[in-house]
Amino acid sequence: MGGSRTGLFLFSSMLLVLASTSSRNLPIIPFDEGYTPLFGDSNLVIHRDGKSVHLSLDERTGSGFVSHDLYLHGYFSASIKLPADYTAGVVVAFYMSNGDMFQDNHDEIDFEFLGNIRGKDWRIQTNVYGNGSTSIGREERYGLWFDPAEDFHQYSILWTDSQIIFYVDNVPIREVTRTESMGGDFPSKPMTLYATIWDASDWATNGGKYRVNYKYAPYVAEFSDLVLHGCAVDPIEHVAKCDNAQGSKAIPSGVTPVQRLKMENFRKKHMTYSYCYDKVRYKVPPSECVINSQEAERLRRFDPVTFGGGRRHHGKRHRHSRGGQADDAAAASF
């Protein structure tokens, strides 16, 4: 067991170094080597010599795939092109979870892409849940500086024992640092990687006001450049298989000064919701929140009710459908 712990420490060190560099040199694996279909039958189609996958949603079903292995920490990435035109109610997800093994205390790290009506942009929602902490909810939402339906863009998750970083095209957009006060709320159990497309009409677009319209189906999400750079875990013993990891000199943080400037700039311009600033849900921000005055002011101007603590007259809220996760302020992101 000591060897496994040493391997995990060395692997975490490598991940911290990786976080400060480009991921372009990481190996891209064929679908069959790292993944298996999850659901959807013919709505999952493999292309380009097994290195590209199309997931589609129609009136019959959505679709998805899942990694062969469980992982305890790693760097996970995919280039994704989202469906175009009217996509209200559609959700494309790229996420890690162990809900199939830990139904009452599961962990989850999510990228969720929320569709919209014609003329309105896709939005990204990131979620972090540990030990079944769905009642707290650590969601954030953002717009993008590009149209994610026009071309492929890279979306990545870095997960170590001390931090989680979400990237878009190698730009960090969110950093979650483990604090003592979070306790088990920080994801710490082995997880598998998932990618899905599904009908979330009940909540995804303006709190369920706009639903999936199947006259625009099939909705097709394209995945390529799949990266699974993680510490695989034995599914029975839950022992990490990282004994051969080669250590590298760790850096103090997974985000370099240049990357941090880019992240701060992104958040100031594009973030439309953060649980840390939601005065309706939390009179006092959760203890791990680091309040940025510029972010707080921008969100307050964007939605004075949710982020300014004003009175809500006609509030609409949505509920995340995977695992009954916490409500979010839909009005803050439409």
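Residues count as being in contact when they have heavy atoms within 4.5 Å of each other. With that in mind, here are the legends for this predicted model.

**Figure 1. The whole chain in overview: five helices and 17 strands make up the secondary structure.** Welcome to the full view before we zoom in. The protein has 334 residues, and buried residues make up 54% of them. Take the contacts between residues at least 6 apart in sequence: 71% of these join residues at least 24 apart. The close-ups below show several such places in detail.

**Figure 2. Arg138 is a buried arginine with two acidic partners.** You will find Arg138 in the loop between strand 8 (123-129) and strand 9 (140-142). Its relative accessible area is 3%, and because buried means under 20%, Arg138 falls in that class. The Arg138 side chain makes a polar contact of 2.5 Å with the side chain of Glu288. A polar contact of 3.4 Å links the side chains of Arg138 and Asp185. Leaving aside residues up to four places away in sequence, Arg138 also touches a set of residues that includes Thr126, Asn127, Val128 and Tyr129. Others in that set are Arg174, Met182 and Tyr275.

**Figure 3. Thr134 sits in the loop between strand 8 and strand 9.** Is Thr134 buried or exposed? Thr134 is buried, as its relative accessible area is 14%. Look across to Asn105, which is 29 residues away along the chain. The C-alpha atoms of Thr134 and Asn105 are separated by 9.1 Å.

**Figure 4. Phe65 and Phe223 form one of the 18 aromatic pairs in the structure.** The ring centres of Phe65 and Phe223 lie 5.6 Å apart and the planes meet at 85°, so this pair is edge-to-face. Phe65 belongs to strand 4 (residues 63-67) and Phe223 to strand 14 (residues 219-233), so the pair ties together parts that are 158 residues apart in sequence. Both Phe65 and Phe223 are buried. Widen the view a little and you can pick out one aromatic cluster formed by Phe31, Tyr35, Phe65 and Phe223.

**Figure 5. Tyr86 and Tyr216 make a stacked aromatic pair.** Here the distance is 5.1 Å centre to centre, with 20° between the planes. Tyr86 is in the loop between strand 5 (70-81) and strand 6 (90-97), while Tyr216 is in the loop between strand 13 (192-199) and strand 14, so the pair ties together parts that are 130 residues apart in sequence. Which of the two is buried and which is partly exposed? Tyr86 is buried, with a relative accessible area of 14%, whereas Tyr216 is partly exposed at 24%.

**Figure 6. Lys189 lies over the face of Phe102.** This view pairs a lysine with an aromatic ring. Lys189 is 5.2 Å from the centre of the Phe102 ring.

**Figure 7. The largest pocket holds about 470 Å³ of space.** Which lining residues are closest to the centre of this pocket? Of the 20 residues that line it, the closest to its centre are Glu175, Arg267, Glu288, Cys289 and Val290. Strand 12 (171-177) and helix 3 (257-270) are the elements that give two or more residues to the lining. You have already met Glu288 in Figure 2, where its side chain makes the 2.5 Å polar contact with the side chain of Arg138.

Conventions. Residues numbered from 1 in each chain as written. Predicted model: local features only at pLDDT ≥ 70, side-chain atom pairs only at ≥ 80, totals over all residues. Heavy atoms only, no water. Helix = DSSP H or I, 4+ residues; strand = E, 2+ residues; numbered from the N terminus. Buried < 20%, exposed > 50% of the residue type's maximum accessible area, 1.4 Å probe, protein only. Polar contact = N/O pair within 3.5 Å; in protein donor to acceptor, adjacent residues only side chain to side chain. Phe/Tyr/Trp six-rings, centres within 6.5 Å; stacked < 30°, edge-to-face > 60°. Lys NZ or Arg CZ within 6 Å of the ring centre and 35° of its normal. 1 Å grid on protein atoms, 1.4 Å probe; cavity = no way out; pocket = protein on both sides within 12 Å on 5 of 7 lines; lining within 4 Å. Points joined across faces, edges and corners; volume = space filled by probe spheres on them.
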